[in-house]
Amino acid sequence: MAESHDTLFSLARSASAYAFNGDADGLCALVQLLAGRADTPILMTGVKRDQALLKRIPPVPGPICVLDVALGKNIDAVMPLIEAGTDIVYIDHHAADDLPDHPQFHPRIVSTPDTNTSKLVYDLNPTRHNALWAVAGLFGDNLFEAATALAAEHDLPQEDVDRLKDMGMLLNYNAYGATVEDLHFSPFDLARVMCSFTSPLAFLAGTDVIPKLTQGRDEDIEKAKAIPELVPDVVVLPNKKWARRAVGDFANMLARKHPDRAHAVLVTTERGHYVVSVRAPINGGPSAAELCKQFVTGGGRVKAAGINDLPAAELMMFVNRFALHFGE
């Protein structure tokens, strides 16, 4: 029997440790849970594609809360913990198969294309403050329609909606990189700063994070725009820090510009392989995750997915499957 929203939120809020994605969604989910807490729980995060976080958390009295990282990347760490008696609250929007059936495992995993983790946390405790964080998180995941609908539910002024949109998109941009050193701000530092504010609007007014990210993002995107397509709707960026930062935001920008088409943005790695970001058509079409899961290190969700390490020898295989999958 599914646990009530109040029970799940209370358990998540009382966690001794949190493993969370370092992007807008993971950060905005975390802040909703930590608002007003006087103690300092253990935080574990990383760049956006750094998903296997749970195994890095040291022993804690529990519970542990996991936010916006795929269960498949953490299942090997989940099972020993719950079998040892540690409660794990798992809130996420990535596709997951074969959830553990165990009294210590408390999932809230919904992979429909119109939600994300920060929205799932909001659903557990739908206050106005949580709505503001969730709106920013939804915008960060390119879920503009869902973000706008939630903002309308709470009658948010358009000026505030626009500010939350910029915030979400910029926090998401900041999470892309091969390592934390590629980023403008460490997600650890962002988490600590954001959790000191009850409202994202206060965070925006009280820090210089967004102006600095705006400048960095604009410079990186201009460089990405100058790269010609490999084939229609597929762009390969060079092995540069700016490219690793720009890949997600650039892919989202292309998706919004051409909402009836799918897009793929690849970044060349030090090994000559590729990191791949795929966006399904915003206006409806096949799942991006289903394409990416055809490759060994691929996964994600319906509208946005990726491949962490595509060998150079498989580049044209990917291009051909991309065209076939999306009917290009």
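**View 1. The second largest cavity holds about 30 Å³ of space.** This is a predicted model, so take the views below as pictures of a prediction. Around this cavity sit Phe139, Gly140, Asn142, Met169, Asn172, Asp249, Asn252 and Arg256. Three elements each give two or more residues to that lining: α5 (128-140), α7 and α11 (241-257). The largest share, three residues, is down to α11. Sorted by class, you get two nonpolar, four polar and two charged residues.

**View 2. Helix α7 covers residues 158-174.** Its 17 residues reach 24 Å from the first C-alpha to the last, close to the 24 Å expected at 1.5 Å a residue. Plenty of names turn up on the buried list for α7, among them Asp160, Val161, Leu164, Met167 and Tyr173. Met169 and Asn172 are buried too, and both help line the second largest cavity.

**View 3. The largest cavity has about 50 Å³ of space inside.** A search of the whole structure turns up two cavities of 30 Å³ or more. Lining the largest one are His93, Ser111, Thr112, Pro113, Thr115, Leu143, Arg301, Val302 and Lys303. That makes three nonpolar, four polar and two charged residues.

**View 4. The largest pocket comes in at about 690 Å³.** It's lined by 35 residues, and the closest to its centre are Gln51, Ala70, His94, Gly299 and Gly300. Strands β9 (274-279), β10 (298-300) and β11 (304-310) are the elements that give two or more residues to the lining. Of these, β11 gives the most, with four residues. By class, the pocket lining splits into nine nonpolar, 15 polar and 11 charged residues.

Technical notes. Residues numbered from 1 in each chain as written. Predicted model: local features only at pLDDT ≥ 70, side-chain atom pairs only at ≥ 80, totals over all residues. Heavy atoms only, no water. 1 Å grid on protein atoms, 1.4 Å probe; cavity = no way out; pocket = protein on both sides within 12 Å on 5 of 7 lines; lining within 4 Å. Points joined across faces, edges and corners; volume = space filled by probe spheres on them. Nonpolar A, V, L, I, M, F, W, Y, C, P; charged D, E, K, R; others polar. Expected span 1.5 Å × (residues − 1). Buried < 20%, exposed > 50% of the residue type's maximum accessible area, 1.4 Å probe, protein only.
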